[in-house]
Amino acid sequence: MSEQPGENRKNCPQCGRSNPPDARFCNECGRSFSADYIPNGAFDEKRSRPLDPAAFRPDALLGADCFGDISAADAARAIGKNEKYYLPVFEKLSHSGKMGRFHVAAFFFGGGWMLYRKQYCSGAVVLSLQLLLRAASLVFSYLYTLPALREAYAAAGVTASQNTVTQEQSAAVLRALGELSARQTLFCCLPLLFSLLGLLCSVVVAVNANKWYFRHITALVASVGRLPFTAPEERSAELSRRGGVNLPLAVCLLVCWMILYNYSGTVIAAIFS
């Protein structure tokens, strides 16, 4: 079926194809419509040249028209939000195979960021591991570390009403802690060990985040490419639907994390009291 031109349709500045008014990418060449576009009937040859970083054409990015087995245009559609960051990273990954940049958002949010980017299976595994390490740190801290510190401070004569601790009291606290058995010392240090493991997990996720996401997008585009479509718009719509981000899930996870962070100590105390 031929396309009917309309005032609200978007003409691609790169190839001139008419696209639906809500299109984020050209269905023919994959150019991003994230910047101002030329209205229907006002195509200008000058606009085929790069004018603004926000108006880049994905398959002209860094001279690459594909990343392995997928095109840059399909990758841009599957990425959706913030494609201007990921496409250069994907181009480098496809040529060098290296892990790419340190991903700051993945470092701070870990599995939550992966779920936000619709990497549901791997994101659930990473988030579960991070929550497990957090819970283990809290449990051992409540059962062993805090009681040992209370006893050491009590033995040194430190009270809750004191504003400062004298040098003699500090030395007495250290002596009391030094008298703990090897087993007690190990259990008291486990919260720190679990915290360090959690930090290491965050670093591993941040270093590998772009590489894992590149594999996810590659698999997504390949799976959509095996489906039968009668028009390019259907394929583009399916890539956008399966790709992109899951903002409601991210907001829900953020709220749950804030609740867990603020009330986890109270919950642990109620369970083991």
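## Helix α8

In this predicted model, helix α8 spans residues 232-242, and its buried residues are Ser-236, Glu-238 and Leu-239. These three cover an arc of only 160° around the axis, which puts them on the same side of α8. The cover over the buried residues of α8 includes α1 (72-79) and α7 (182-225).

Ser-236, a residue of helix α8, has a relative accessible area of 10% and is therefore buried, the cut-off being under 20%. Between Ser-236 and Val-224 the C-alpha to C-alpha distance is 9.4 Å, with a separation of twelve residues in sequence. Just after α8 comes Gly-244, whose phi is positive, at about 75°.

## Helix α5

Helix α5 comprises 36 residues (residues 120-155). At 1.5 Å a residue, a span of 52 Å is expected; the C-alpha atoms at the two ends are 51 Å apart, which agrees. The helix nevertheless contains a kink of about 50°, centred on Ser-141. Just after α5, a positive phi of about 80° is found at Gly-157.

## The largest pocket

The largest pocket holds about 820 Å³ of space. The elements that each supply two or more residues to its lining are α3 (104-109), α4 (111-116), α5, α7 and α9 (247-272). Of these, α9 gives the most, with seven residues.

In total, 26 residues line the largest pocket. Those nearest its centre are Phe-108, Phe-109, Gly-110, Gln-130 and Trp-257. Two of the helices described above recur in this setting: α5, and α7, which also belongs to the cover of the buried residues of α8.

## Positive phi outside glycine

Most residues other than glycine have a negative phi. Asn-82 departs from this pattern, with a positive phi near 65°. Asn-82 is located in the loop between α1 and α2 (83-96). Its relative accessible area is 41%, so Asn-82 is classed as partly exposed, that is, between the 20% and 50% limits.

Lys-118 likewise is not a glycine, yet has a positive phi of about 65°. The residue sits in the loop between α4 and α5. Is Lys-118 buried or exposed? With a relative accessible area of 15%, Lys-118 is buried, because the value falls under 20%.

Conventions. Residues are numbered from 1 along each chain as its sequence is written. This is a predicted model: local features need pLDDT of at least 70, side-chain atom pairs count only at pLDDT 80 or more; totals for chains, interfaces and linings use all residues. Side-chain values use heavy atoms; hydrogens and water are left out. Buried means under 20% relative accessible area, exposed over 50%, partly exposed in between (1.4 Å probe, protein chains only). Helices (H or I, at least four residues) and strands (E, at least two) are DSSP runs, numbered from the N terminus. The arc is that of the directions from the helix axis to the C-beta atoms. Contact means heavy atoms within 4.5 Å. The expected span of a helix is 1.5 Å times one less than its number of residues. The bend at a residue is the angle between axes fitted to the seven residues ending there and the seven starting there. On a 1 Å grid over the protein atoms alone, a cavity is a set of points where a 1.4 Å probe fits but cannot get out, and a pocket is an open set with protein on both sides within 12 Å along at least five of seven lines; lining residues have an atom within 4 Å of a point. Grid points are joined across faces, edges and corners, and a volume is the space filled by probe spheres set on the points.
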